[in-house]
Amino acid sequence: MNLAEYIEGRKEAHLEELKELLRIPSVSAKREHKPDIERAAKWVADKLRASGMKTVEIAPTNLHPLVYAESLEAPGKPTILFYGHYDVQPPEPLELWTSPAFEPAVRNGNLFGRGTADDKGQVHIHLKALESLRAVNGKLPVNVKVLIEGEEEVGSVSLWDYVKNNKAKLKADALVVSDTSMLGRGVPSITYGLRGLNYYQIEITGPSKDLHSGVYGGAVPNPLTVLCELFAKMHDKNFRVTVPGFYDDVRKLSAAERKALNALPWKAKDFKQTVGAPGYCGEKGFSVVERLWTRPTLELNGIWGGYQGEGAKTVIPSKAYAKFSTRLVPDQGPEKIAKLVEKRVRTLLPKTVSCKFEVLSMGKPWAAPFHAPIFKKAIAALEKGFGKKAVFIREGGSIPFVTQMYDTFKVPCVLIGFGLPDENAHAPDEHIALENYFGGIKAVAHFYADLATL
Ligand code: BES
Ligand code: MN
Ligand code: MN
């Protein structure tokens, strides 16, 4: 039987198996899901073993375990490292899901559930592609190393140590990742740039305890008001971040790259339909695509404090909190930006409050050339799976491991994503288009097969 027939005949079985993984609520952000994290890691390890990987191990970390597997049985052939993550984002708000987050369901050609697109569905594409290759040929066409982590959605905190301590083990001729999106439906895409991410949390303290806002209001600082004033000052009227030095190291796009990015078949109409805001804003002087993929930002991600229950409560809260983040682009350095941001926050805050400033995670931006021969193979493979020529895009999201691998080994990183921008990653009703899940298995299987002649 040939590869295409083998894959075609197993579509239903593949989908049912993916649903098993999707039913495990492996939410990395919440302690209560620790047992589910362990279960998901074991599920992935078991499936890797079943697909014929010779070495499979679950490596403990300070937080969530990594799953590592290898099959090094193709002497003289290239070695490929495939990376993905089995952890998912929290499902809340639960009431906005049409079907429950961890009860996968198919509707209108889409598979719904937390992790379908980000990233369990995409990891499963590779598991099934590898399994198919082994089933049809008796062995894998190339040497394959697989690393599936469980902390991606919380910043891959343990990963850097693992990479540093396992350099020889992780060494490969190329990194392959499926954790990104296609530019649009029917447009297979290869991502060559990601933004980096620094995540911060601040705690502002005014009075030493909550106060009656009638008895004390007017004569004491209100930390919530101070917080609002602070963030109101973080952007100017042209939507530029007002942190001094923030843009100093931003590499200017070449005219050629700018032209290529703006010529992509990116649809403003689709973007607006997905976002659904009454109006739009962004840094002056840049197109939307440039703003999303090539410009740094500062975003408020959560703000809280004071009374949020039913009815009214007249209180001046003692504390106010915010979570916020900066997306970084080449050549901004995370440490330097974190220092500048902290300085800006401390400079803007009045003497009437104190502030605890925490950096929860840091990650470097990435953008790399794509002329290595492996990219031609990726284009050809995507054409086999999707019947169309792939485009090269950048994206605004972040995958810390890609930068770490690229910096450590300087190997080509091939990011072939099978999600779509409107598939609600991190939001209710996350889904993956079945055509991209199945097309992905086909494309990826051909990709690995073809890499034997890289
Ligand atoms: N898969 C995403 C990253 C992504 C999404 C890249 C879409 C390109 C397009 C990943 O799981 C993710 O959500 N990453 C986090 C970063 C992390 C450090 C918490 C992100 O980008 O917010
Ligand atoms: Mn992801
Ligand atoms: Mn994610």
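How are the donor residues of the manganese ion (ligand 3) spaced in sequence? The pattern reads D-x34-E-x272-H. Keep in mind that this is a predicted model.

**View 1. The manganese ion (ligand 3) and its protein donors.** Here we look at Asp118 (OD), Glu153 (OE), Glu153 (OE) and His426 (NE2), which coordinate the manganese ion (ligand 3) at 2.1 to 2.5 Å. The site is irregular, with angles of 55 to 157° among six donor atoms. Asp118 comes from the loop between E5 and H4, while Glu153 comes from the loop between E6 and H5, so this pair ties together parts that are 35 residues apart in sequence. Glu153 has a relative accessibility of 15%, so it counts as buried.

**View 2. The manganese ion (ligand 2) and its protein donors.** Four protein donor atoms are on show: His85 (NE2), Asp118 (OD), and Asp179 (OD) listed twice, lying 2.0 to 2.5 Å from the manganese ion (ligand 2). This site is irregular too, and the angles among its six donor atoms run from 56 to 164°. Along the sequence, the donor residues follow H-x32-D-x60-D. Asp118 and Asp179 link distant parts of the chain, 61 residues apart. Asp118 sits in the loop between strand E5 (110-112) and helix H4 (120-137), and Asp179 in the loop between strand E7 (174-177) and strand E8 (189-194).

**View 3. Asp118 as the bridge between two manganese ions.** Zoom in on Asp118 and you'll find that it coordinates both the manganese ion (ligand 3) and the manganese ion (ligand 2). The two ions lie 3.6 Å apart. Is Asp118 buried or exposed? Its relative accessible area is 12%, and the cut-off for buried is under 20%, so Asp118 is buried. Asp179 is buried as well.

**View 4. The cis peptide bond right after the bridging residue.** The bond from Asp118 to Asp119 is cis, with omega near 0°. Asp119 has its place in the loop between E5 and H4. Asp118 itself is the residue that bridges the manganese ion (ligand 2) and the manganese ion (ligand 3).

**View 5. A cis bond leading into Pro93.** Another peptide bond to check out runs from Glu92 to Pro93: it is cis, with omega near 0°. As for where to look, Pro93 is in the loop between strand E3 (79-85) and strand E4 (105-107).

**View 6. Ser156 and its positive phi.** Ser156 isn't a glycine, yet its phi is positive, at about 50°. You can find Ser156 in the loop between strand E6 (143-149) and helix H5 (159-165). With a relative accessible area of 2%, Ser156 is buried.

**View 7. Asn424 and its positive phi.** Asn424 is not a glycine either, and here phi is positive at about 60°. The loop that holds Asn424 runs between strand E17 (413-416) and strand E18 (431-433). Asn424 counts as partly exposed, with a relative accessibility of 27%.

**View 8. Where domain 1 and domain 2 touch.** The domain assignment splits the protein into domain 1 (3-194 + 365-453) and domain 2 (196-250 + 296-363). Their centres, taken over C-alpha atoms, are 35 Å apart. Nine residues from domain 1 and nine residues from domain 2 make up the contact. About 610 Å² is buried between the two domains, with carbon and sulfur atoms giving 60% of that area. If you're hunting for salt bridges across this interface, the count is zero.

Definitions and conventions
Residues are numbered from 1 along each chain as its sequence is written. Chains are lettered from A and ligands numbered from 1 in the order in which they are written. This is a predicted model: local features need pLDDT of at least 70, side-chain atom pairs count only at pLDDT 80 or more; totals for chains, interfaces and linings use all residues. Side-chain values use heavy atoms; hydrogens and water are left out. Donors are N, O and S atoms within 2.8 Å of the metal (3.2 Å for Na, K and Ca); water is not among the atoms, so sites may look incomplete. Four donors count as tetrahedral if all angles lie between 85 and 135 degrees; four count as square planar and six as octahedral if opposite donors are over 155 degrees apart and all others between 65 and 115; anything else is irregular. Helices (H or I, at least four residues) and strands (E, at least two) are DSSP runs, numbered from the N terminus. Buried means under 20% relative accessible area, exposed over 50%, partly exposed in between (1.4 Å probe, protein chains only). Domain bounds come from an automatic or database domain assignment. Contact means heavy atoms within 4.5 Å. Buried area is the accessible area (1.4 Å probe) that two parts lose on being put together, summed over both. A salt bridge is a side-chain nitrogen of Lys or Arg within 4 Å of a carboxyl oxygen of Asp or Glu.
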